[in-house]
Amino acid sequence: MTAFAVLSGALLVFRALGMLGVARLASWRSAAAHAMAIMLVVTASAHFVPETVTVMPNHADLVRIVPPFVPVPDAMVYLTGVLELLGAAGLVLTATRRAAGLCLAALYVALLPANVYAVLADVPYNGGEASPLWLRIPLQAIYITVALWSSKTR
């Protein structure tokens with residue numbers, strides 16, 4: 001839910017800056033691409049945070065939600081963190097925005113089994129319960145939609 005709050009808040013700030021004359025943020029699509037980039041930097045950071053950090057989700061939390069059929073869960077968490085950071089950079093750069101949006105949509109689809117597994121296996125997350133599936137699935141759909149919509153050229 002924090003990721004959605006970051007996305008929403010950043011979108012409103014960036015769009016306000018666009019209305020104040022920042023040309024790069026003059027459209028809702030561009031503001032959304034930049035907002036998603038901010039959200040991705042925030043969510044990707046959890047992939048690299050040591051287990052001793054308890055104020056936010058950490059690497060160990062993310063390893064726990066990797067389904068058992070995925071090989072090398074530790075490495076996969078690092079890999080997905082790097083992919084999120086690359087996606088953030090791709091959204092900010094106009095020339096790569098479309099490719100980044102498509103790749104991020106694919107990444108979110110690929111991450112869906114981890115979200116489902118976390119709920120069905122009742123994996124604790126960040127010191128608490130996993131967020132319910134009825135919330136995770138729609139949020140994932142929103143992130144896919146924003147990634148695709150914000151990266152459209154027209």
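**Notebook: a helical chain and Leu83**

I began with the charges: the protein chain carries 9 positive and 6 negative side chains, and the centres of these two sets sit 27 Å apart. A reminder to myself here is that I am working from a predicted model.

Next I looked up the surface. The accessible surface of the protein chain is about 8,300 Å², and carbon and sulfur atoms hold 74% of that area. For the interior, I noted that 38% of the 154 residues count as buried.

Then I went through the secondary structure. I found six helices and zero strands in the protein chain. Read from the N terminus, the order of elements is α-α-α-α-α-α. The radius of gyration is 16 Å, close to the 15 Å from the globule rule for 154 residues, so the protein chain is as compact as a globular protein of that length.

I also checked the outline. Along the principal axes, the C-alpha atoms fill a box of roughly 45 × 30 × 25 Å. As for contacts with a separation of 6 or more, 62% of them in the protein chain join residues 24 or more positions apart.

Last, I picked one residue to follow, Leu83. I located Leu83 in helix H4, which covers residues 73–92. Is Leu83 buried, partly exposed or exposed? Its relative accessibility is 35%, and because buried means under 20% and exposed means over 50%, Leu83 counts as partly exposed. I then compared Leu83 with Ala100: they are 17 residues apart in sequence, and their C-alpha atoms are 9.9 Å apart in space.

Note on methods:
Residues numbered from 1 in each chain as written. Predicted model: local features only at pLDDT ≥ 70, side-chain atom pairs only at ≥ 80, totals over all residues. Heavy atoms only, no water. Helix = DSSP H or I, 4+ residues; strand = E, 2+ residues; numbered from the N terminus. Buried < 20%, exposed > 50% of the residue type's maximum accessible area, 1.4 Å probe, protein only. Rg over C-alpha atoms; globule rule 2.2 N^0.38 Å. Contact = heavy atoms within 4.5 Å. Areas by Shrake-Rupley, 256 points an atom, 1.4 Å probe, with all protein chains shown as cover. Lys, Arg positive; Asp, Glu negative; His and termini not counted. Charge placed at Lys NZ, Arg CZ, Asp CG, Glu CD.
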